[in-house]
Structures are given as C-alpha cells and as structure tokens.
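Biologist: Please put the model up, and then we can go through it.

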Amino acid sequence: MTVLYTRYPVFFLIQFENRKTGEGITCLVPCTVKMGILVEPALLLVLWQSVWALDIPLEIRQPPAIIKQSMKEHIVDPKDTMVIECEARGNPHPIFSWRRNGKYFNVARDSQTSMRRRSGTLDIYAWNNPEQYEAEYQCIASNEYGSAYSNKIRLRLYRPPVWPREVLEPVVVSAGLPLVLSCDPPRGPPFNWPVQTAFPTMQPVRPDRRVSMGVNGDLYFSNILFNDSAADYCCNARFPYKNVIQQKMPVVVKVLTTRTVAEAAPTWLSPTGSSSSILVLQGEELLLECIGAGVPTPGITWTKNGDDLVVSPRMKVKNFNKMVQIPKASFDDAGEYTCTATNKIGYIEHTITVRVKAAPFWLEKPTDLVLAPEENGRLLCHSDGAPRPTVSWFINGEPIETATPQPNRQVSGDTLTLRSVTTANTAVYQCNVSNQFGYLMANAFVNVLHATPRIIGPRNELIKVIEGSRTLLDCRYFGSPVPELRWSKYGQGTLEGNRFKTQGNGTLEIKNIQIEDQGTYVCVVSNVAGRDESQVRLEVKEPTLIVTRPQSMKVIRGSDVRFECVVKADATTPVTTTWMKGKKISLDESNLVITNVNGGDEGNYTCVIKSELDQKYASARLMDMFGFLIVYACLCVDRPDPPSKLELSDPYERSVRLSWVPGDSNHNHITEYLVQYDDDDWLPGKWRNLSTYPGNLNSVILHLTPFTYYEFRVIAINEIGMSRPSRPSMRFQSSGAPPDIIPKNVKGVGTWRNNMEISWEPLTYREWNGPHLKYLVWWKRRDSREEWKNATTKWLRYYIYDADTFTPYDIKVQAVNDFGLGPESPVAIGYSGEDLPSVPRSFRIQQRHLDSIYVDWDLPAEPNGVIIGYSLKYQTVNATRGEESRVEEFTPNVTSFSVRRYDRYTRYRFSVAAQTRIGIGEWHTEESPHYTTETYAQDQVDISTQGWFIGIMCAVALIVLILLIVCFIKRSRGGKYPVREKKDISLEPVDDNDQEGSFDYREEERGLQRGQLSMDAMMKRSDSDDSLVDYGDGGEIPFNEDGSFIGQYTGTRRDVRELDFGGNLELHSPMNTIYSLA
C-alpha cells in the first residue's frame, strides 16, 4: 500500500497492491478495499490526518498508556515472590487496579499481595496455598481521560516434574523383531522433548538407521539385535524453565538369539496406519516423523503432493531421513507429505496431511491520535489470521455497543472513524482481534485538545561538521492541530533541493556539506494556536589531510633515522600529532627522530593526527640492516618464519576453517601460504598439498572429503623461498555425508538358469563419505510395468533368484551409508541365467545329387540363451559296415551340411543339437530315406516350370529348326521338282521350250541369285512380318501335299523387275530369309 498526502486539511490517495497477482486499487479515502488474500504482517497507515511522528510531551494532559506488562503465559515458581508486571504513563499519572478471572481483585485486602508505588506491578508472596493464585489476571490503568487495559495474563505455577518410583518389568524380545521403549515423561510447564540415555555407560543412545528417538521421547528399534541387550535403559527429560533433568526408572532389555533372522517387509512404528493429519500454527515448529520396522532396516524417503520433497533452506531432514523439521511453519508448508519405508522385501507408505492455521497477527495496530476540535480522525485495527479473526472495539474497557452513543463516532469492521471531534471523544480505545487459536489486544487513545506548537529538545545548538560529510539538524516538535514546519537559512526562504530533505519528525538532513552551507538555520513550527522556533548554527571545517606520509626505511644499525608526518588542517581547528609504536605512545611531535638505531627500534611506527572532528593515520616500518656486513648483501631479507597456533573451527561435512598466526616475514612480503594435509590414505608423515592462499590471509575455508581424518600444516612463502612447515594442527575428522560417487561397471550375468548375478566396481574408502557403506541394488524386468525391486548388501555382488531363463532386466546400483543415499547409477541391462536349448527346428534331409545327401535346420524355438554353435552326429545305418559315428561342430551362423554317400543304397542317421554356454541341448535324430532313381527324380526340383529353362529350350529349338531347313535346301540343289500346273509368277523368265514340264532347281537358284541384291535391300528396309497372306495379294495361299508353296509357282506371273522396291515394301515370306541364310 502506498500513502500519498498533502498539507492540512488532508485527503489520502491510497494505492493497494495485491502481492500475488500484482493487481492494484487506487482510491481517495474513505474507500473500501477487499483484502482477499492473506498477507504477511506489515505496517499500514490510513489516517485522516497529517502523517507525523507522534511524540507527546508528558507535561501535556493525556490518557494513560500501558508501556510494560508480563507475558500472556506467565510461569512462576511459588517458592519465590511471584511478580506480574504492569507499568503505564499518562497525565495525570494513572491509578492501577486488577481483575482476576474477570472480576475485580481487591489487592489491599489480600495479605499475601501488594502493588508497587506509582506502578501497577503486582507482588504475590503466597506463603500459604499458592495454588489459589493460579488464575487469569488483567491490569487496568486509569485517569480522568480514560482507562487502558493490559493483556489477559495467565499465571501458572511451576511444579517440578517427577517420574513415579515404579519398577519396570524386563523386556524380553527375539532378535529381528521391532521394539519400542516408552518414555511417557511427566508433564510440566512447559514440556521439552526428552533426551535418551543408556546406562551404565551414561552415554546417549546414538541414533542410526535402525535405532531412533521419536519426538515423543520413545526409543524405537526397527529390528532388535543381540548387542542391544542392556541392564538399564533410562529416559531423561529436561525441562527448560529451571533447566532440570529428570530420570525415569531403568528398564532391562533382554534379546533372545535365534539361528536365523527372518527377513520382514516394512511396517510402521510411528505413526501407525496409512494416513494421519497434523495441525500447526503459522510460525510454530513443524515436525514430521516416520519410523519403520523391518529386516533389513528400511530406508525412508519423502514426497510432497506427489513430487519428491524439495528441501528448502527453511527445512531440515534429520534422523537419517526419518524426520522433517520446519522451525517456522508457513502456509506454503501445507499439503500431503508421504513417507515411504523400503527394504528388499517390499515397501509401505504413510500420508501425513499438514494443515497450517494462524493465530491473529497484526498488519497495523491502532496508534495514539492527537486531534484538535472539529478535526477528523480514524483508528485502524488491521489484522489477519486463519481463520480470519473477528474484530471487537472497546472504549475504556467497555464494549462499544454498550458505551454511550456518540453521533460523530462510527465503527465499520476494523475501522473506527471520528468526525468533527470534541473533548467528549477523548478516551482510550481497545481493539481486540481473535479466532480459535488466540487473540491480540491493543490500546490507542484519542486526545482532543488545543496545544500551542512547541519545539521539543535543545535549542540554539552549535554543530561543527567536516566538508563533504552528511549531517542532521534536529527539530522535534508538538502541537494541536498538527503544526506546519519550515526550515530556512537566516530565517529567509525555504530550503529546497537535492541536498536538503526534511524528515517526518522535523529533522533536516543535509548531504555533501559545502563551505557555503555554513550559517544559522531556523526551524519554525506554527498552527492556528501560535508558533515556535529554534536556531541551529552550523560551522563547516576543512578536512584534515596528511600531506607528507612517513616512509618505510632499511637502515644500518647505529645510524639515525627521521620520520616526517606533515599535516594540512582547517586554520580554526587545532590538531595534535602523536607517534605510536604498536600500542605504545612515543611522543607528540610532527617529526620523529630516532638516533643510534638498534635492534629494539625495529617495528611499525604510526603517525596519529587528531582534531575535534576527525582523525587520520599513517604508518611506516623501520628495519635494521644488522650492521655493515648486510650492506654488502644489499638487503637483510630471508625466508619467512613458519606460522604458528593453528586452530580449526566451523566444522562441516565438507569443509573446516583453518586459522593461524603469521610468522615474521623477515623483511620480504609473504606472497602466499601453502596448506598441506595428512590423511588416512597415506603413510604417516606423507604430506600432500591441499591448496594455496594469498599472503594477506590467515584464516581460510578448507574444502575436504567427508568422513576423513585430517592433520594440517601451513607453509609461508615469499620471494626468497618457503618457510619451515608449521606444527601440525590437531587431528580432525570431517563430518559424514551421503556418497557422491556412482558405482561403475554395473553388470548383470546369470550363473544358473533361474538367477542373475549383479556386480559392480566398489567405491574406494575415500569415496565412502561415511561409516557402514552398503549398496542398494535395484532391478525389474525390462519393458515391463512391474515396480522396481531393491535390496541392500555390503558385498560387491547380489544374486536374484526365481528369475525366468535368459530374461533381460533393467538394473542400477547406488551406494548408501549411515548419512543417506548416493546417486543412482545409469540403468544397465542384464540377463538372467541360460539353460540348455531346445531341439533345432525344421530339420530336413534332401538328396540334391545322386552321390550326396544334404541336411539343414533352423534356430531352436527356445534358445534359452545365446547359441554358440551346433553339433551334428551322423553314421550309416547299414549294419554290414559297422561304421562309427562322426561328429561335426558348427558355428552359430552355419545351419547346413552335406555328406557324400558310398552308393545309392547307403542311408545315414543324423542327430543335431544346439549349444549354449551351459551345454548341449536336446538332440534331434532322423534317418535319411532309401533313395532310388525315381526317389531322386522326385526329390529334384522340377525345372521344367522354371522360366530360364523354358527360354533356353525355345532358343535351342529355333536354332535346330533353322539348321534343319538350311540342310534340307542344300540337299535339294540340282534336282528337279515336277510341276503339274503352269506357274503364274516367276522370279525370272523361264524356258518355254521345256517340253517335259519339269522344273530345274539350279535354274531357280540362278534366278534367285540374280535377284539376291534387291532382296537384301528390301529386307533391310522392311519390318519383320510372319504373315503369308499379303504375299499372295491378300488371298489365302494353299499348300500342296508335300508342303511346297503352290502359290509361289501359280497365280499371276510377275517379273521381279516389275516390283517396286521403293516406298514401304515389306518382306512377307519367311522363305526369303531362309534363302538368304542359305
């Protein structure tokens, strides 16, 4: 909320801002603002009056105000005087009275009580029956202008808590079972959680993952061990009021041993069941605790609202993850917290629902209000809580509903408004806010009066300041109505500008003062009743400066030396010069002369310049050259002396602070320090370098490995060399921490058909980070929806049993010690154990050739592992041969074999088996059939249906046909073929004189030869056409009985010379092609 205001009369422009949403509301007072979101306590100011610091002089008449009172819960020891405080102020001085349990308490009539003079403090002596004074008290301070009320103070008597002197029966329990030893401390005001102690050693029981102390004081054993047997376990309770420790009677625990301790799934010791709830008030401590039982001891993990619990700086996870501690609960801590107890047998969950409520708290308390008649005023009683508190108003202790009505007074919720006030409105108003978790009450008076302005405090002050500094000029004032204040210089004008600022209480602030700011400043306050003023004289002085500083020198012993310290200061300000060596003051002179220098004169000399306003320093070092011999060596320098007094502080799990006293540098600046360490991993006296640090440091933070013993030493280094090592520090062990290293080389390999061995590389001892290092092993079937299973072991391998044969698993490992869990390793894939494989599938015996038999097979249906090869045994089945069995071994990628047989009647018996790393599996045995020629033919592949075979046969047939035709033609040359009919067409003229009617093939050949060139040309230009129809002018060409072409010799006779070989002449007869080939 932002408040802006102007000069009287005032209207307020108020801007409210929602902190969570950023939305704002701006309005002119009066306005109504809905406070919809619970906010943190803050100071708000909403008044119909000028904002100024109210400081009422006590000489002004005023109602009473409570200035001191006892706590609401007041615990006293009846053996001492019981004191209930109540102090107040007012004018006239208040008169005090008391109420007890809501009724008037007559202190004067009680012989065991009295009130102190001019005070309301109550003294109760309680010689007899002090219990009668346990009650609720309230102090009332009154004068003629009103009554102020204190809080209700509840007085409680302290009674020393005592355990009953009872004899506790021995506890007998079998090893491996859980055990709870109850504390049940007596109640006392207030009760503090007890501390467990085991006797007779008088040493506290050290909690670990198995043994825990609950917040109620009970001692929990997740599983009892034989070593837990003891004659006397005692519970001690400490009560802080008197710092008293009370002890319970001891109890004997006897553990019965058994041959074996059965593993058990987790169960809850505290809290019980699957869910519970906790109500906590804002600002109070929140403790969440989950303690489980089981064998092995279960580990505890936490989630909040379904997500992993994020440990914030406000939160601590303690007691080996069994407790979550939040010192001051807030509304953000509400939610559902789920703790999970897990061991290798199983897990169990418990959900704790946390509800956060809040007792009322102030956002703005009502404040005293001084008003002039006819002014307006407002009291605001703004608070919050969960649930939201109710507001009640009182006037002088009387509820405002029953008080005398006043027309100018109006109450609206947490706001009380007064308009045009009169003296009748002068009173003490009480505001009470409450909900089911508590209440708050505040007094605020309204004082209506006319008061002439007055300056409160000293007047006509003289203030001296240094040029360039900042100063404050006070002018505290009071008046009614609220006076107007004005600062001026020499009574003229008003001071304004960046360097001048008037604060709300009237103080004038001047920044970066200059010489010209010197002068007289006037503060004037005024209202309708009058005015008052005060003057402040300001003197500005020049700052003191050291012009010539003393210089460090190296001199020869016996010579004289002079240090100069020249100063420039303000002429009106006296200064003093003092020389100091260490803490010893030497003399008061601006120059220091030392004659006949000796070894005792060596050291640091400081020139101290003092004035009434400031102080300056300058130092120099005097070094002795140790005689003339050193003059030839130029400088008296050497390696530094070793550091001393090594101290360790602020130990943490990974760091510790090392401090030391530097040794003498021997006239050469120490440039750095080397810190070395010796730990358990090295031979004694084997020092290792840890780190180097600048030479101006003598306290550093060392970064360490958790849970390791260390010794440290420091070596100083300058330009000459290294000092001797310091003496070792005390032996120190860093605190433990969860492991940081991930187990490496995680593997899962089966060693038998139903198991898997999970192994990993161990962490080195330096990587343990704490005692009792173990490994948490996780596994689940790969690509399955089953939950992760886990087990804890201290060995470097873990075996999973009852696993399916050769099944892939997701596995991971994490290291764990007494301080918690380390990071998980990446998920690796492991396989459970292999087994003997089943028989190979699809075993076939074939005869691809007459003299050999071919066998092949496929991968087994159930490999049960990685197949590393096959074994094949075979032998003849002919009894006459008596041949021994032969064995062939094959690699995994070979699944066939052929064997040559002696004759076509030889048969074989084949046996084949697959092999894994476990061994050879089941054999498959089969005999080859009795192959004959027909059987062989049946076994052969029918290639007559193969495309490539058909293509080859067609080509061969065509070639044979062509060759037959050519041979036929050549054999027929020289003979005559009888022609019964007259030829219609001839390729060349024939002899008409042939009376015999015969045809001479030789003449035909000659005719063809003559026309051969034309025919070849015609073939080159024509396309292939097997049709014979076009050759005979489109008609069908008949064939004779001997297959000759009749149409070749009959029909229309055309001379070859008449044929048109131009154009698109096509060769239609295949015979022409045949003749050309012949």
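The exchange below covers confidence, disulfides, salt bridges and one sheet.

Modeller: This is a predicted model, in which local features need pLDDT of at least 70 and side-chain atom pairs count only at pLDDT 80 or more, while totals for chains, interfaces and linings use all residues. Residues are numbered from 1 along each chain as its sequence is written, and side-chain values use heavy atoms, with hydrogens and water left out.

Biologist: What pLDDT does the protein average?

Modeller: pLDDT is the predictor's confidence in each residue, from 0 to 100. At least 70 is the score of 79% of the residues. The average for the protein is a pLDDT of 80.

Biologist: How many contacts does the model have for residues 627–636, beyond four places in sequence?

Modeller: A contact means heavy atoms within 4.5 Å. Over residues 627–636 the pLDDT stays under 50. Beyond four places in sequence, the contacts of this stretch number 16.

Biologist: How many disulfides does a search of the whole structure find?

Modeller: A disulfide is a covalent bond between the sulfur atoms of two cysteines. Here the term is applied to a pair of cysteine sulfur atoms within 2.5 Å. Searching the whole structure gives a count of six.

Biologist: Which residue forms a disulfide with C86?

Modeller: The sulfur atoms of the pair are 1.9 Å apart. The torsion about the S-S bond is about -75°, so the disulfide is left-handed. C86 is buried, as is its partner, where buried means under 20% relative accessible area, exposed over 50% and partly exposed in between, with a 1.4 Å probe and protein chains only. The partner is C139.

Biologist: How many residues apart are C183 and C235?

Modeller: C183 and C235 form a disulfide with sulfur atoms 1.9 Å apart, and the link is left-handed, with -65° about the S-S bond. C183 is in the loop between β16 (179–181) and β17 (195–199), and C235 is in strand β20 (residues 230–239); strands (E, at least two residues) and helices (H or I, at least four) are DSSP runs, numbered from the N terminus. Both cysteines are buried. The pair links distant parts of the chain, and the separation is 52 residues.

Biologist: Which residue does a disulfide join to C475?

Modeller: The S to S distance is 1.8 Å. The torsion is about -75°, so this disulfide is left-handed. Both of its cysteines are buried. The residue joined to C475 is C523.

Biologist: Why is the sulfur of C234 too far for a bond?

Modeller: C234 counts as buried, at 6% relative accessibility. The closest cysteine sulfur is in C235. C234 is too far from it for a bond because the distance between the sulfur atoms is 8.8 Å.

Biologist: How many salt bridges are there?

Modeller: Side chains of opposite charge can pair when their charged atoms come close. A salt bridge here is a side-chain nitrogen of Lys or Arg within 4 Å of a carboxyl oxygen of Asp or Glu. By this rule the count is 29.

Biologist: Which residue meets D333 in a salt bridge?

Modeller: The N to O distance is 2.7 Å. D333 is buried, with a relative accessible area of 2%. Its partner is partly exposed, at 36%. That partner is R314.

Biologist: How many residues apart in sequence are the parts that D532 and R459 tie together?

Modeller: The side chains of D532 and R459 meet in a salt bridge at 2.5 Å, N to O. D532 lies in strand β50 (residues 530–541), and R459 in the loop between β42 (451–456) and β43 (461–466). D532 is buried, with a relative accessible area of 15%, whereas R459 is partly exposed, with 39%. The parts they tie together are apart in sequence by 73 residues.

Biologist: R782 and D810 also meet in a salt bridge. Is D810 buried or exposed?

Modeller: The N to O distance between R782 and D810 is 2.6 Å. R782 is partly exposed, with a relative accessible area of 34%. At 8% relative accessibility, D810 counts as buried.

Biologist: In what order do the three strands of the open sheet stand?

Modeller: Two strands pair if DSSP finds at least two bridges between them. The pairing in this sheet is antiparallel. The edge strands, each pairing on one side only, are β6 (82–84) and β10 (113–115). The order is β6-β11-β10.

Biologist: Which residue of β11 does I84 stand opposite?

Modeller: Three bridges join β6 to strand β11 (residues 122–124), and the two run antiparallel. The residue opposite I84 is L122.
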